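Dear colleague,

I am passing this structure on to you for your files. Please look at it first; an account of what was found in it follows.

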Amino acid sequence: MVTLGAGYLAVAGCMSACKNKAAKTEEPVKASAEPKAGSVVGFTIDLNDPQYADLDKPGAYVYVNKLIIARTNEGNLVAFGKKCTHQGGPLAYNAESGLFQCSWHGSQFSGKGEVHRGPAKVNLKAHNVAKEASTLTITPKG
Ligand code: FES
């Protein structure tokens, strides 16, 4: 015969009661806060916000949602998916070379998102970046 201790009963009793309590206290998920993979929800960035203020300088970049947004050395504001098209490695903008680089296998992309060096064979997906006063608006292209 198997007997269960009082600790087991207390845990089992809490599992159903605590589960319900936890579900009620969780913060609601904001649908537009983090777009699903492969999709980009339009959003704006205030360049007066200190975390984005560097985007006024050539060579600067930031990550927002699933994008890398950069001001290229030529002064163009661009936005691409922040993952490499080879196997999804993280991209960074290298101001010295003026290229987006992947740290996993060394792929490089031009400031227009075109493959500069493989192994990636697919260009980065570009998005529209519009600037009005100190506000950037990023929207899907096409
Ligand atoms: S994942 Fe970027 S080069 Fe392989």
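**The four-stranded sheet**

Strands β5 and β6 are paired in the antiparallel sense over four bridges. Here strands (E, at least two residues) and helices (H or I, at least four residues) are DSSP runs, numbered from the N terminus, and two strands pair if DSSP finds at least two bridges between them. Please note that this is a predicted model, in which local features need pLDDT of at least 70 and side-chain atom pairs count only at pLDDT 80 or more, while totals for chains, interfaces and linings use all residues. Residues are numbered from 1 along each chain as its sequence is written.

Within the pairing of β5 with β6, Leu91 stands opposite Cys102 of β6. The two strands form a hairpin with four residues between them, and Gly98 in the turn has a positive phi of about 75°.

Strand β6 (residues 99-102) also pairs with strand β7 (residues 108-109), again in the antiparallel sense, over two bridges. Phe100 stands opposite Phe109 in β7, and the bridge partner of Gln101 in β7 is Gln108. The hairpin of β6 and β7 has five residues between the strands, and Gly106 in this hairpin takes a positive phi near 90°.

These strands belong to an open sheet of four strands in the order β5-β6-β7-β8, with antiparallel pairing. Its edge strands are β5 (91-94) and β8 (115-117), each of which pairs on one side only.

Which side chains of β6 are buried, and which are not? Phe100 and Cys102 point to one face and are buried, while Leu99 and Gln101 point to the other and are not. A residue is buried if 20 or more other C-beta atoms, placed from the backbone, lie within 10 Å of its own; it is exposed if 12 or fewer do, and partly exposed in between.

**The six-stranded sheet**

A second open sheet has six strands in the order β1-β10-β9-β4-β3-β2, with antiparallel pairing. β1 (43-46) and β2 (61-64) stand at the edges with a single partner strand each, so one side of each is left without a neighbour in the sheet. Strand β3 (residues 67-71) and strand β4 (residues 77-81) pair in the antiparallel sense over five bridges. Leu67 has Gly81 in β4 as its bridge partner.

**The nonpolar core**

The largest nonpolar core (a set of buried Ala, Val, Leu, Ile, Met, Phe, Trp, Tyr and Cys residues joined through C-beta atoms within 7 Å) has 21 residues, and those with the most contacts inside it are Ile68, Ile69, Ala79 and Phe80. At least two residues of this core come from each of β3, β4, β5, β6 and β10 (135-140). β3 gives the most, with four residues.

Leaving aside its neighbours within four places in sequence, Ala79 is in contact (C-beta atoms, placed from the backbone, within 7 Å) with Leu67, Ile69, His127, Val129 and Ile138.

**The protein as a whole**

The protein has one helix and 10 strands, following the pattern α-β-β-β-β-β-β-β-β-β-β along the sequence. Of its 142 residues, 20% count as buried. Among contacts between residues at least 6 apart in sequence, 35% join residues at least 24 apart.

With kind regards

Key:
Contact = placed C-beta atoms within 7 Å.
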